[in-house]
Amino acid sequence: MTFEPYGTFTTALPASVYTVLLREGKIPDPFYGLNEFSVRELSRNDSVFFTSFHLTGDELKREHLILRFDCIDTIATVFVNGVPVGRADNMFAAWDFEIGFAAREGTNTLRVEIDSPIRCAEEAQDADHLWGQEEWMTMRGYQHLRKAHCMFGWDWGPQLPDMGIYRGVRLLAYDGARLEDFLVLQHHRKDGSVELTVTAEFSDGVPHNGVVSVKDPDGGQMDAPLADGKASFMVESPRLWWPHGYGEQPLYTVTVCAGEQGEQTKRIGLRTLTVSTAQDRWGSEFAFVVNGVKIFAMGADYIPEDNLIPRVTPERTAALIRSCVEANYNCLRVWGGGYYPDDALFDLCDENGLIVWQDFMFACAVYRLTDAFRESVTREFVHNIKRLRSHPSLGLLCGNNEMEMAWVDWGLPKNETLRMDYLELYERLLPRIVRQYAPQTFYWPASPSTNGGFDNPNSPDGGDVHYWDVWHGSKPFEDYRNYYFRFCSEFGFEAFPDCETLRGIGEEKDMNPFSRVMESHQKCAGGNQKILNYLAGEYRYPSSFENFVYASQLLQMDAIKYGVEHFRRFRGRCMGAVYWQLNDIWSGPSWASVDYYGRWKALHYAAKRFFAPVLLSIHLGDGKAVLNISNETRNVFRGTVRAGIRTAANQEVLSLEQSCTVDALSSLDVLVQPVDTLTEEQRYSCYFCCELLDENGSLLSRDTALFVKPKHFEFLDPCLTADVLLHDGKISVRVSASAYARGVRLSAGDLPVRFTDNYFDLTGSRVTVDVVAVSKEPVSLQELEKKLSVCSVYGIG
């Protein structure tokens, strides 16, 4: 790679300008301190990636000699032996360049000249000003480039528009035709059998012959001839693929072998998966339907895992998906301002049962549908639809993020030509391409939407909703309970990541929410002030920065818990709670529940509880305590609820017990207890608690609720202790308290561990949680004893 003024460096793919310069010590860490702003300006320069490759005489004689780039970021010219062979203009597409006319036997040179993304964006915006978010959070002109928008900044990430080659480069040498891809369609019959139809696609557009094999999850194999590009199979006793929590995820392997034309293999899951938008008494529902079963979607919005894309590895993605599974997710929404994820993410979602809502890469901007733009995005659409369509986890393809809502509700210029371009792109071109290349995948025009046409796109009565009155609108958490959304695909609340993460971006003097470094990493306008505003309404003023960080995470946990529990109580009317957001693109305060280094915030521990297959939740209001069980399993739930009112010293004021039966895939209020007879003194010194036991008497969950804000509750010092235990080679921690302890937080400092539960309420004398290693580095009992600390709401300030 050559990048002036720094010179030439050797690198392997995937590679980018920033990662190479950082590795070579030529630039400081762009995530540290204020380095973002100086490193950003380097992208005003062009870059060059070059190498050499060898060709044999036999290869040169082939009819087709093609270089295939799976990703070039972004505006680039490709040269072979100094001869231009093509130009790329879309980071999201694959590029094939015929090179036979420029190639020679022996050593050949390959050179990829990448234009400055900042210069390209600014020049395009100067020539044709299009509305976008640049006025307050991004760099100018990002909407003109088919490049990850968030690389130009977003309200949770830096302005670091990197450039590079992120996926593979291959040489394809062949005569005649080549097997390009194949499509598998499923027909699920009433008798339970599944007919598979395989259609192979060849580079010359002509059907060819061969053999297709289908291997079942147990290794059994069926073969059928590929005749005129088609083959069919009947699976008499299929093993169906289900989302996480509803069944297993068996995968079948399909291989198409077309002789000299090539061979390809894909994994599929046998299932039906669509979205129901049927009319009902509340409007029109929005629910994933898998194998005929309506699913309550539980998960979060996924953004790129790193602003420096080469640092995203399959191992890192696997750790993130493990965190999703451990927190009982069954769904991810891939947000439309990043990039289409690598196959590794979809493979993991296939294996773990996470339904993927995949946005196309358009977000919060206006686009002009010129002939050149149409050609570029059509290439992008076809490439990614073909790449992703066989994955059983792919549940939905969505046109864009927030653009329909922007045209209706935001203050963008109402240009009629651009408005018609919007309709052509998302409501005609894209659905037509999806029908052609992925006919069994559901298409949705925008998020949020009620199915297009600028018809009240953020309506609570149909389609999906982005709800931001809590946070951006500064409404209290209780405001969630005023709405009965059909599917909430975005709602969120910010928090700071752990101090161990923050110390990686600044010095000790920067550990203050209003320091220059912290505010530069807070990309949401006024975000830290919002946290302080909500803090004032809920908790006491923190006595230290560490306590402020802890309190911010409690706020985030409380806010999203309010929303999810409310939505799940109304299962059937609401069929999805997908919060903003799962992960971080760098270190700093954000809406993520898992931070940049994979550390779980309080919210992610809470998600494990409020996304539990069987959830017991408390609703205090109107002088009543209402206990609800949401049963998101395909089996009837039978168990027992124990509840009551206790003092801060854990003395019982009221004790209740109720057996309960809750139908599969339903929600039911199982206990209603008047609490309006409590005295004023009791409201400030007593709390409501409950436990859920299964029919064998095993504890499934516990929860508590206060009658007043935590800042006014008369907590007693719980005298918390945490003892490290070793049993059968496994390390655990026993937490003890002498009084009611709310939001008990265990911290192991910078040790690579997390806990099976954390940020929990302690209502009895003790709780034991296991220690989970999150790296290959062993952690000893002695190390954990040295680093371990414990706190609760009592000690905030």
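Every class count for the lining of the second largest cavity falls on one side: nine nonpolar residues, no polar and no charged ones. This is a predicted model, so keep that in mind as you look around. The residues in question are A365, V366, Y367, M403, W407, L418, Y422, L425 and Y426, and they surround a space of about 50 Å³. Two helices, α8 (403–409) and α9 (416–437), each give two or more residues to this lining. The top contributor is α9, with four.

Some of these names come back in an aromatic cluster. Y367, Y422 and Y426 belong to it, along with F92, Y340, F360, F362, F373, F381 and F454.

Now for the other hole. A search of the whole structure turns up two cavities of 30 Å³ or more, and the largest holds about 200 Å³ of space. It is lined by 17 residues, and those closest to its centre are V184, R271, R389, S390 and Q440. Here the lining is mixed, with nine nonpolar, six polar and two charged residues. Strand β15 (residues 179–188) supplies the largest share, five residues.

Back to aromatics: how is a pair of rings described? By the distance of the centres and the angle of the planes. The count of aromatic pairs comes to 57, and here are two of them:

| Pair | Centre distance | Plane angle | Type |
|---|---|---|---|
| W156 and W335 | 5.2 Å | 75° | edge-to-face |
| Y480 and F567 | 6.2 Å | 85° | edge-to-face |

Where do these rings sit? W156 is in the loop between β11 (152–154) and β12 (157–159), while W335 is in the loop between β28 (331–334) and α6 (343–352), so this pair ties together parts that are 179 residues apart in sequence. Both W156 and W335 are buried. The other pair also links distant parts of the chain, 87 residues apart: Y480 is in the loop between β32 (465–466) and β33 (488–490), and F567 is in helix α13 (residues 545–569). Y480 and F567 are buried too.

Finally, take a look at one of the sheets. Four strands make an open, antiparallel sheet in the order β18-β17-β20-β21. Its edges are β18 (221–226) and β21 (263–268), each of which pairs on one side only. From one strand to the next, the twist averages 15°. Between β17 (residues 210–215) and β20 (residues 252–257), which run antiparallel, there are five bridges. If you want a spot to zoom in on, V214 stands opposite V254 in β20.

How values were computed. Residues numbered from 1 in each chain as written. Predicted model: local features only at pLDDT ≥ 70, side-chain atom pairs only at ≥ 80, totals over all residues. Heavy atoms only, no water. 1 Å grid on protein atoms, 1.4 Å probe; cavity = no way out; pocket = protein on both sides within 12 Å on 5 of 7 lines; lining within 4 Å. Points joined across faces, edges and corners; volume = space filled by probe spheres on them. Nonpolar A, V, L, I, M, F, W, Y, C, P; charged D, E, K, R; others polar. Pairing = 2+ DSSP bridges. Axes fitted to C-alpha atoms, helices over the stretch in contact; angles between N-to-C directions. Phe/Tyr/Trp six-rings, centres within 6.5 Å; stacked < 30°, edge-to-face > 60°. Buried < 20%, exposed > 50% of the residue type's maximum accessible area, 1.4 Å probe, protein only.
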